[in-house]
Amino acid sequence: HLLLGGAVSLATVLATAALSAWPAWQSLAPGAAVLRLSFSHSGARNCRDRTEAELAKLPPNMRDAQICDRRRAPVRIEMDIDGQPVLAADLAPSGLAGSGPSRVYHRFELPAGHYQVDLRMRDDPAVAGVTQEATFDIDLVPAQSQAIDFDASAGRFFLH
């Protein structure tokens, strides 16, 4: 029984090893690379200053100088690759009350090579035009995965 059990175990291990390497699978086409745009960012809130009369009506511990809507503004994102628009979207805020950040994830499969990527974002509808923008010169090699993110504390896009 011991010899038969060892033979069956060995055959199972060898079959598993052989099947784990077959078929050969590659997630990208040969010579292709991936550029990802992925970040979450909160849009501006609509706030106003309280008047002196409003502040006087409130208890002292609730006298905030400003009152803000709970819902955040949508974030507008636009992306061009080599001057061609590839993404233009209004990202709604997350959460039931719309008080969470807007999230974006887009994957672009591109042939390896040199690209100029232009990004524009508007997170405050009260501002005319864009609030953040960036341009990147990116050299993609085959099978590379390059990500573009946004750092809200620094107020800029960055690569990683």
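**Arg-76 and its charged partners**

At 22% relative accessibility, Arg-76 counts as partly exposed, because that category covers values between 20% and 50%. Keep in mind that we're looking at a predicted model here.

So who does Arg-76 pair up with? One partner is Glu-78, and the closest N and O atoms of the two are 3.3 Å apart in this salt bridge. Glu-78 is partly exposed too, with a relative accessible area of 23%. Arg-76 also meets the side chain of Asp-90 in a salt bridge, at 3.6 Å from N to O. That pair links distant parts of the chain: Arg-76 belongs to strand β4 (residues 75-81) and Asp-90 to strand β5 (residues 84-91), 14 residues apart. Asp-90 itself is exposed, at 53% relative accessible area.

Now go back to Glu-78, whose side chain forms a salt bridge with Arg-120 as well (3.0 Å, N to O). Arg-120 sits in strand β7 (residues 113-122) and Glu-78 in β4, so this pair ties together parts that lie 42 residues apart in sequence. Put the shared partners together and you get one network of Arg-76, Glu-78, Asp-80, Asp-90 and Arg-120. The count for the model comes to 6 salt bridges.

Next, have a look at a sheet. Here 4 strands line up in the order β6-β1-β9-β10, making an open sheet with mixed pairing. β6 (102-111) and β10 (156-159) stand at the edges with a single partner strand each, so one side of each has no neighbour in the sheet. From one strand to the next, the twist averages 15°. Strands β1 (residues 32-41) and β6 run antiparallel and are joined by 10 bridges. Across that pairing, Arg-36 stands opposite Arg-107 in β6.

Notes
Residues are numbered from 1 along each chain as its sequence is written. This is a predicted model: local features need pLDDT of at least 70, side-chain atom pairs count only at pLDDT 80 or more; totals for chains, interfaces and linings use all residues. Side-chain values use heavy atoms; hydrogens and water are left out. Two strands pair if DSSP finds at least two bridges between them. Helices (H or I, at least four residues) and strands (E, at least two) are DSSP runs, numbered from the N terminus. Axes are lines fitted to C-alpha atoms, for helices over the stretch in contact, and angles run from 0 to 180 degrees between N-to-C directions. A salt bridge is a side-chain nitrogen of Lys or Arg within 4 Å of a carboxyl oxygen of Asp or Glu. Buried means under 20% relative accessible area, exposed over 50%, partly exposed in between (1.4 Å probe, protein chains only).
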